[in-house]
Each structure stands twice: as C-alpha cells, then as structure tokens.
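Let's take a walk through this protein together. Have a look at the fold below, then read on for what sits where.

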Amino acid sequence: MAETQLSSCHSLLLLLACTLFQQLYASNTKIGVNYGTMADNLPPPSMVATFLKSKTTIDRIKIFDANPDILRGFAGTGISVTVTVPNDAITSLSSLPGAQAWLSQNILPFLPKTVVTRICVGNEVVESNNKTLITNILPAMKSLHEALSLANQTTIQVSTPHSLGILDSSDTPSATVFRRGHDKAIIAPMLDFHRRTKSPFMVNPYPFAGITPTEPETVNYALFKPNNGIRDEATWLHYTNMFDTQMDAIFSAMKKLGYGDVELVVAETGWPSIGEPHEEGVSFENAASYNGNLIKHINSGKGTPLMPGRTFETFIFSLFNENLKPTVSERNYGLFYPDLTPVYDVGVFIAEEASVPRSGFGPISGPTSGPTSEPSPISGPAPQGNFP
Ligand SMILES: *[C@@H]1O[C@H](CO)[C@@H](O)[C@H](O)[C@H]1NC(C)=O
Ligand SMILES: *[C@@H]1O[C@H](CO)[C@@H](O)[C@H](O)[C@H]1NC(C)=O
C-alpha cells in the first residue's frame, strides 16, 4: 500500500501530503510482539530494544512478568511495554497495600523512562479453574488500578488476557456466550471495570488451534487464504477467515452482557513454524502466511463483519523461538531466532533488504512437518504464553 502511495507522489506538494499520510498510516499500525524469555540463548534486552527500534515497525512489546532487565533495557526507546503480574502474585495484590507494594517495587522505579502502558494481572486465569485466583483476580485488578491512581500514573491500564476457553462452544459467532457460571459472576463485573477505567478486554485467539486436519479448507480459512468461507445463519454475515470468527464470537458474548462498547486487544496470537511430525498445518510457509496476513488484515482497518472499521492492538506470539519451552511447536512460535535473524518475513522490517532471512537460518524452503494420517493433536488448549 505504501509503495502505491509513494509512486503517486509526483510534486513537492503531493510529496508533503503523502509523507503526512504515510505517517498517519504508520501511526495507525498497532502491531506488537510477546517477548517471552523461556530460553537460555536470548540476546540482552537492551540489544533487543535497539534492534526492534532501529530495524522494525514493532513499537510495543508484552512481557510475561515484570523483568527489571527488560524494563531497564527498553528505557528511552519509546517502545511501549505491557507487563504481567505473575499468577502466583495475584492474591497478594487483592488488597491495596499489596498492590502498592508490588507497584513500588516492580514498576515505579522504571517510570517515566520506560513507557509502561498496561499491566496484565495474570494470564488466562479465568479459565484456569483455580478458584483462589479466580476469586482474587478482579479485586487485584481494582487494587492495582487504585494504586496507580494514588501514584498519579493514570495512563497505565489494567487488564488480563483470556483464552477462548472463556466461551461456551457455539456453531456461529453471533450465538456465542461466555461460559455459564462465569458470565454474570466474573466476566460482567470485569467488563464493567474495563468500561469504567477505559481499559481493554484482552483475548488470545489462536486459529491454529481451530484447524481440522481432515478438512484442508479449514487451514486456508485459518490462514486468510482463499476459501469458501462460512455463513452465520443468524446474521447472514459471511466469514472468510477464522480470526474474524473468533473475534466476533468474543464480541457477541460481550454484547449479550451489555458491554459491546469495551475495547478489544489481541494479547496473543501466532502460528508455529516447526512441530512434531503429526502436527498438521505446521510449517514455515503457514506461520509466515498467518502472521503476515494477520498484520495486513489488522492494518487494513476493515475490522470484522460484526465490528466493521475497528482495528485491534495486536501482540503476535512471539518475538523469539524459546528453546526451553516444553514442546517442539511451542519452541517454534518466534518471528526471530536468538541471533536476531528472521525465521520468516512478515513485513515488519523498516528496511526492505533486511527482511531476507540469512542463508543458514530461516529454512523457508527447508524441512517442513508434512501432514500425516495421525489424529490431530491441535484441538487442545492454546499455548499459554510463558506459563507452562
Ligand atoms: C492456584 O494458583 C496459585 C498461584 O499460581 C498456586 O499457588 C496454587 O497452587 C493453585 N491452586 C491450584 C488448586 O492449582
Ligand atoms: C499526585 O498529584 C497530586 C496533585 O498534583 C500531588 O499532590 C501528589 O503529591 C501526587 N502524588 C504522588 C504520589 O506523586
């Protein structure tokens, strides 16, 4: 798109207008990465920060803890950071003094040099079935919000990411509801908190987890590739990709509780480039297709059938391949190798020439895990970020 705009910049006047437009367009992109650190071979955070800032359009990161080395490493870069309160600290944050203590120790020392924009309280807690955590999560979010206000940090949002496990399974996006038992008791009060504090509801959609190996059509549907699509019989809306289906399912569930106005952020989504031989749909090509097409889809500003024109701040999972993750596919969600060369190109580089994977790395045409006749293991739960 930018190239088309550039070629039409013939006069100085047009050039100025185009530059302005391109800046507006660029500032409209909201693509970030999850910077997980379950690895023993990653470069120092300050090197990562310099790399992202100078070589890529990625202007925001999300981390699965409040790692002080990362917070220090991103100081002065202007790259915004979403931090996470680890699940095992949630209970202590449910009182105001506990939240203030956590904030003073983990976040305040790095402000304002490091741009912390959001704090996630735990990861995928509501669907964890851990009663203690579920009981404490909203009180912890409220205490943390109050602690931030008392510290005059009113621009920092408080939220928590959810997997699609918070939804009751449904045939169509428009018919989807939150899991009964959770909907009114947990989700509605949480959405009310988001509305009051102008913070987003965060979700982790993984179309990868929704593909059916016996139906190649579902792979194209998940990868934003040409396919016949699916019609929602209730709304008569036509869906051509699974991401939209999943986002509209969440939106429908929110709307039924009366909170269709709350902002949505995609906290995690991605696709592995290498997996076990039996893992259908896993390949460099598919990972590059999913993430590349997702970025184009988000940046097109088209939105979804039920949310036309809406863009979602989106964090791809993940920045690096992490060699200490438990399974082969979990170790291969990264956009980059630890030496900062790309695993594949998803169009996040500022300089074109830098986007070509170096030979010896990123075997785009190398070994792929071809489909086998084994049953699919992919319908299990989505990857859980950095919590094994
Ligand atoms: C619930 O989560 C907390 C914090 O991570 C953990 O210490 C506790 O063991 C969990 N409880 C259960 C029943 O899994
Ligand atoms: C917050 O701002 C108010 C008003 O400017 C000021 O009185 C107060 O001391 C500030 N509190 C902190 C913790 O900086």
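A residue is called buried here when its relative accessible area is under 20%, and exposed when that area is over 50%. By that yardstick, buried residues make up 53% of the 388 residues in the protein chain. Keep in mind that this is a predicted model.

**Overall picture**

The chain folds into 10 helices and 11 strands. If you take contacts between residues at least 6 apart in sequence, 70% of them join residues at least 24 apart.

How confident is the predictor? Mean pLDDT for the protein chain is 86, with 83% of residues at 70 or more. Two stretches stay under 50, and here is what the model has for each of them:

| Stretch | pLDDT | Contacts beyond four places in sequence |
|---|---|---|
| residues 1-27 | under 50 | 12 contacts |
| residues 354-388 | under 50 | 74 contacts |

**The nonpolar cores**

The largest nonpolar core has 101 residues, and the members touching the most others are Ile-61, Phe-74, Ile-107, Ile-119, Leu-144 and Phe-201. Helix H6, spanning residues 131-150, is the top contributor to this core with nine residues. Apart from it lies another core, this one of five residues, including Cys-120, Met-202, Ala-267 and Phe-315.

Ile-61 is worth clicking on. Skipping neighbours within four places in sequence, its contacts include Val-33, Tyr-35, Leu-52, Ile-70 and Phe-74. Also among the contacts of Ile-61 are Ile-79, Val-81 and Phe-315, plus the hydroxyl residues Ser-80 and Thr-82.

**Around Met-38 and Glu-322**

Now for the loop between strand S1 (31-34) and helix H3 (45-55), which is where you'll find Met-38. Is Met-38 buried or exposed? Its relative accessibility is 19%, so Met-38 counts as buried, since the cut-off for that label is under 20%. The C-alpha atoms of Met-38 and Phe-320 are separated by 9.5 Å, although the two residues are 282 residues apart along the chain.

Glu-322 sits in the segment after strand S11 (314-316). What is the nearest side chain of opposite charge to Glu-322? That would be Lys-325, 4.5 Å away. A salt bridge needs the charged atoms within 4 Å, so Glu-322 is buried yet has no salt bridge. There is a polar partner, though: a polar atom of the Glu-322 side chain lies 3.2 Å from the backbone nitrogen of Thr-37.

Terms used. Residues are numbered from 1 along each chain as its sequence is written. Chains are lettered from A and ligands numbered from 1 in the order in which they are written. This is a predicted model: local features need pLDDT of at least 70, side-chain atom pairs count only at pLDDT 80 or more; totals for chains, interfaces and linings use all residues. Side-chain values use heavy atoms; hydrogens and water are left out. Helices (H or I, at least four residues) and strands (E, at least two) are DSSP runs, numbered from the N terminus. Buried means under 20% relative accessible area, exposed over 50%, partly exposed in between (1.4 Å probe, protein chains only). Lys and Arg count as positive and Asp and Glu as negative; His and the chain ends are not counted. A polar contact is a pair of N or O atoms within 3.5 Å; within protein, one must be able to donate a hydrogen and the other to accept it, and residues adjacent in sequence count only if both atoms are side-chain atoms. pLDDT is the predictor's confidence in each residue, from 0 to 100. Contact means heavy atoms within 4.5 Å. A nonpolar core is a set of buried Ala, Val, Leu, Ile, Met, Phe, Trp, Tyr and Cys residues joined through side-chain atoms within 4.5 Å.
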